[in-house]
Every structure is written in structure tokens, then in C-alpha cells.
Amino acid sequence: MLLPLPAPGPLVIQPLFPVALGQVQLRPDPLELAAQLQALLALRGAAASNPDPGCAWTGDLNGVWQLHRHPLFAGLVATVAQQAEIYLQQLGLQPSQLALHLQRCWPVLSEEGQVVGRHHHPNAHLSAVVYLSGDGSGRSGVLRFWPQRQVNELVPGMAVGHRAPLQADPLPGCQDWLQPWVDVAPRAGLLLLFPSSLDHAVLPNDDPDDLRASISMDFLLTAPPLPEGHTPPEYLAPHPSQWQQL
């Protein structure tokens, strides 16, 4: 990509290398949504959280990591897979030259005060989150994203320090260059797609009357199955059908 040269005038800052966060507002059927929530509560059973009482209940740590095989969620999974292909296309990839694999699909249920700590998904390439609850206010706990490296910080740690040397009254828009994180508020039907390497966390649910419910999915990209004698692209793993277990 060749950047356009600036016209004569004041300094202009050009944004480079953005992180691609896909957002789609789905329209869940109210009856189907209610049935899905009931199914998740049944899968959680008597558990209130993960072993740490302050942590939300996450299905991947409690044996519920193949939610995509549950009939109630088949339609939702198909919709997310369709949107994932659109996401890949908008990144400039060719879905016909890829095979998209759903590795894991698990629920996350967060009661009042519960969180999910900062992490990323090193065994996947593309991650998705679909919210089954939330009103967009963020009261039930926002999803927080961190940059892998804060390149505009110039001095490491400066942007998250005790203000100095940051301006007390910054110029309009300049905080966008030094913001240490970005928050997204859950809303029922909201689908997010993002690189699995991106650090993220769920902040505390501050709404005593709202169970924060979401479904996470991890996708892996490989080459499609290839005829004998054809070689997969260098940076894509061959299709699993062409692997050999040892």
C-alpha cells in the first residue's frame, strides 16, 4: 500500500496497521434465545463459577467445549461461520483458498462480580464471541482488548502511568493514539470477530439482575484438501485430512 503524500499545511498523523475487529448485530429469535439460555444454565448445573470464585463459569474448563454439536446452537454456529468468511474476505483473503475449521465452542456465564482474566488464544487463528444477553450499557461487564504493543507510547509504560507527562487536557483525538485498551459493551445478538492473538478480558459484571451470557468460538485456518502432487501454500498448514498421526 502506497501512502498518499500530504498537502502543504500543518502536521497530519496517518493511522497505520489497524487491528480488524469485526462487529455484526444479529437478530436472535426471542424464543430460540430463551431456549439457548436455559440450555446453558442446565449445562452449568450447580456450579457457580470456575474454581476461582471470582471467575466466571467457562465451559472450556468444565467439559463443555463442543457446543457446536448441540442442536439448539447449530443455526447460530452456521451464521457465525458465514460471517467469519465475510471477515476473511474483507481482510483480503480468498476463502476458496482456505479451509476454516471450528476447533472449540464454549459458553461463558458471568454472575455479579465475576470476571475473565486477561488472555489470548494461542492455539487458534480467529476467535468469535456472540452475546446472548446485555443491553449495550456495559453494566454486565465489558470485553476489553489490549494492543500487542503500544507503539505510539514512545516510552514504555508512559500511557498507563500516573498522567505525567500526558497532557491534562489533551488535544481532540490525540488520546486515540495512546489509549491502553478498547472496551466493547455486550448486547444480545452482537457478534465480534477478532484475531485470536489479541489479548482480551471480561471486566466485572456490576449488574446484580443480569446474567452475562456469551458463546465463544475458536477457528483455525489451513489449506483446503489438495490433489496428489499439489503443495499447500508455505504459511498454511496442510488440510488435516492429509496429516499422519504418529
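Author: Let me begin with how elements get their names: helices are DSSP runs (H or I) of at least four residues, strands are E runs of at least two, and both are numbered from the N terminus. The model above is predicted. With those names in hand, we can start at the end of a helix: H2 is followed by Gly92, whose phi is positive, near 100 degrees.

Reader: Thanks! Staying with that helix, how do its 17 residues compare with the span they should have?

Author: The rise is 1.5 Å a residue, and the expected span counts one less than the number of residues. For helix H2, residues 74-90, that gives 24 Å, and the end C-alpha atoms are 25 Å apart, which agrees.

Reader: Which residues of H2 are buried?

Author: The general idea comes first. An α-helix has 3.6 residues a turn, so residues three or four places apart point the same way. In H2, the buried residues are Leu76, Val77, Val80, Gln83, Ala84, Tyr87 and Leu88. Viewed down the axis of H2, these buried residues fall within an arc of 150 degrees, so they line one face of the helix.

Reader: And what do the buried residues of H2 pack against?

Author: Their partners are strand S1 (22-25), helix H1 (30-44), strand S3 (99-110), S5, S8 and S10. As a whole, H2 lies across S1, S3, S5, S8 and S10, and runs at about 45 degrees to S8. Helix H1, for its part, lies across S2, S3 and S10, at about 75 degrees to S3.

Reader: Those strands keep coming up. In what order do the 6 strands of their open sheet stand?

Author: To read a sheet, walk from one strand to its neighbour. Here the order is S1-S8-S5-S10-S3-S2, with antiparallel pairing. S1 and strand S2 (57-58) are the edge strands, each pairing on one side only. At the S1 edge, S1 and S8 pair in the antiparallel sense over 4 bridges, and Gly22 has Leu193 in S8 as its bridge partner.

Reader: Which strands make up the open sheet of 4 strands?

Author: That sheet has the order S4-S9-S6-S7, again with antiparallel pairing. Its edge strands are S4 and strand S7 (182-184), each pairing on one side only. Neighbouring strands of this sheet are turned by 20 degrees against each other on average, direction ignored. Between S4 and S9 there are 2 bridges, and His119 stands opposite His200 in S9.

Reader: On to charges. How many salt bridges does the structure hold?

Author: Side chains of opposite charge can pair when their charged atoms come close. The structure holds 5 salt bridges. One of them joins Asp199 and Arg118, with the closest N and O atoms 2.9 Å apart. This pair links distant parts of the chain, 81 residues apart: Asp199 sits in the loop between strand S8 (190-195) and strand S9 (200-202), and Arg118 in strand S4 (residues 116-119).

Reader: Are Asp199 and Arg118 buried or partly exposed?

Author: The cut-off helps here: buried means under 20% relative accessible area, exposed over 50%, and partly exposed lies in between. Asp199 has 18% relative accessibility, so this residue counts as buried. Arg118 has 48%, and therefore counts as partly exposed.

Reader: Which residues are linked in a network of salt bridges?

Author: The network links Asp135, Arg139 and Asp207. Between Asp135 and Arg139, the closest N and O atoms are 2.6 Å apart. Between Arg139 and Asp207, that distance is 3.7 Å. Arg139 lies in the loop between strand S5 (126-131) and strand S6 (143-145), and Asp207 in the loop between S9 and strand S10 (212-222), so this pair ties together parts that are 68 residues apart in sequence. As for accessibility, Asp135 is partly exposed at 46%, Arg139 is partly exposed at 44%, and Asp207 counts as buried at 14%.

Reader: One last residue: where is Gly134 found, and what is Gly134 in contact with, apart from its neighbours within four places in sequence?

Author: Gly134 is found in the loop between S5 and S6. Its relative accessible area is 18%, so Gly134 is buried. Leaving aside neighbours within four places in sequence, Gly134 is in contact with Ser140, Pro186, Arg187, Ala188 and Asp210. For a sense of scale, the C-alpha atoms of Gly134 and Thr79 are separated by 20 Å, and these residues are 55 residues apart along the chain.

Notes: Residues numbered from 1 in each chain as written. Predicted model: local features only at pLDDT ≥ 70, side-chain atom pairs only at ≥ 80, totals over all residues. Heavy atoms only, no water. Salt bridge = Lys/Arg side-chain N within 4 Å of Asp/Glu carboxyl O. Buried < 20%, exposed > 50% of the residue type's maximum accessible area, 1.4 Å probe, protein only. Arc of directions from axis to C-beta. Contact = heavy atoms within 4.5 Å. Pairing = 2+ DSSP bridges. Axes fitted to C-alpha atoms, helices over the stretch in contact; angles between N-to-C directions.
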